[in-house]
Amino acid sequence: MSIKFLAEDDRPREKFLLKGKSSLSDSELLAIIMGSGNRDETAVDLARRILASVDNSWNQLSLLSIKDLMKFKGVGEVKAISITTALEIGRRRMGQEVPEKPVITSSNSAYQIFRNHLSDLRTEEFWAIFLNQSNKVIHISQLTQGGINQSIVDVRVLFKTALDHFSTAIIIAHNHPSGNLKPSREDIDITQQIKAAGNMLNIQLLDHLIITQDSYFSFADDGLL
């Protein structure tokens, strides 16, 4: 459905979905927070008027109290609290440091991440680490959970996840509850399938680890990639 056919108060949300958050004006962002306008104004019009009263400054808006906000027609207590809460979240976010993403530099650094998920399991699971161009971890995901001695991964699901996170490289791992570190024929075959699929998508398979309770096997270190 085209945006022009939507109710006025729904259009900023639709624009968000179609064009992304950066496409929205300040008044449209505030309109989404409020949800609706009043009898005489759309949510965007009301938001535009509220922002104009503080010289279009989010900082100045954050100084308004609940009672100050409720002086605007169409802003009740619920809307006023929603606005104040959103601004408080923004303030707290600015005060937090962005956590440094771990960097994978070797099979052992990947093992240190995977071991927390895989070393003590009684059934096989298949996991993947998704990396950016600097080999920084951007996502970690469990892809399958199998039986006592097998966990088959869907290559399509693996690379859909990689594409969803704009990953340029992956490291995969599964555990052997038996404690045997030797890769099976199936392990080797799925590794080659994933490597080939990654080459087509320009997403590099850096390694495949087999994890046991106290050790690991690396396909890359053993020259199997």
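User: What makes the link between the side chains of Glu125 and Trp127 a polar contact?

Analyst: The distance. In this predicted model, the side chains of Glu125 and Trp127 are joined at 2.9 Å. The cut-off for a pair of N or O atoms is 3.5 Å, so the pair qualifies.

User: Which other side chain does Glu125 join in a polar contact?

Analyst: Gln142, at 2.8 Å. That value also falls within the 3.5 Å limit.

User: Where is Glu125 found?

Analyst: In strand S1, which covers residues 125-131.

User: How do you know that Glu125 has no salt bridge?

Analyst: Look at the nearest side chain of opposite charge. It is Arg122, and it is 12 Å away. A salt bridge needs a nitrogen of Lys or Arg within 4 Å of a carboxyl oxygen, so Arg122 does not qualify. Glu125 is nevertheless buried.

User: How many salt bridges does the structure hold?

Analyst: It holds 10. One of them pairs the side chains of Lys15 and Glu28.

User: What makes Lys15 and Glu28 a salt bridge?

Analyst: Their N to O distance is 3.1 Å. The limit is 4 Å, so the pair counts. Side chains of opposite charge can pair when their charged atoms come close.

User: Which parts does the pair of Lys15 and Glu28 tie together?

Analyst: Lys15 lies in helix H1 (residues 11-19) and Glu28 in helix H2, so the pair ties together parts 13 residues apart in sequence.

User: Why is Glu28 called buried?

Analyst: Its relative accessible area is 15%. Buried means under 20%, so Glu28 fits.

User: What about Glu41 and Arg49: how do the side chains meet?

Analyst: In a salt bridge, at 2.9 Å from N to O. Glu41 has 18% relative accessibility and counts as buried because that is under 20%. Arg49 has 35% and counts as partly exposed, since the value lies between 20% and 50%.

User: Where do Asp164 and Lys160 both lie?

Analyst: In helix H8 (residues 155-164). They are four residues apart, about one turn of the helix. Their side chains meet in a salt bridge of 2.9 Å, N to O.

User: Why does Lys160 count as exposed or buried?

Analyst: Lys160 has 51% relative accessibility. Exposed means over 50%, so Lys160 counts as exposed. Asp164, at 44%, counts as partly exposed because its value does not pass 50%.

User: Which residues are linked in a network of salt bridges?

Analyst: Glu88, Arg91 and Arg92.

User: Why is Gln60 called partly exposed?

Analyst: Its relative accessibility is 40%, which is between 20% and 50%, so the label follows. Gln60 has its place in helix H4 (residues 58-61). The C-alpha atoms of Gln60 and Gln145 are separated by 51 Å, and the two residues are 85 apart along the chain.

User: What volume does the largest pocket have, and which residues line it?

Analyst: The volume is about 410 Å³. Its lining includes Lys21, Asp26, Trp58 and Arg93.

User: Which helix gives the most to the lining of the largest pocket?

Analyst: H6, with five residues. Helix H2 (26-34) and helix H6 (77-94) each supply at least two residues.

User: How many residues of each class does the lining of the largest pocket have?

Analyst: Six are nonpolar, one is polar and three are charged. Gly90 is in the lining and counts as polar, because Gly is put in that class.

Key
Residues are numbered from 1 along each chain as its sequence is written. This is a predicted model: local features need pLDDT of at least 70, side-chain atom pairs count only at pLDDT 80 or more; totals for chains, interfaces and linings use all residues. Side-chain values use heavy atoms; hydrogens and water are left out. On a 1 Å grid over the protein atoms alone, a cavity is a set of points where a 1.4 Å probe fits but cannot get out, and a pocket is an open set with protein on both sides within 12 Å along at least five of seven lines; lining residues have an atom within 4 Å of a point. Grid points are joined across faces, edges and corners, and a volume is the space filled by probe spheres set on the points. Buried means under 20% relative accessible area, exposed over 50%, partly exposed in between (1.4 Å probe, protein chains only). Lys and Arg count as positive and Asp and Glu as negative; His and the chain ends are not counted. A polar contact is a pair of N or O atoms within 3.5 Å; within protein, one must be able to donate a hydrogen and the other to accept it, and residues adjacent in sequence count only if both atoms are side-chain atoms.
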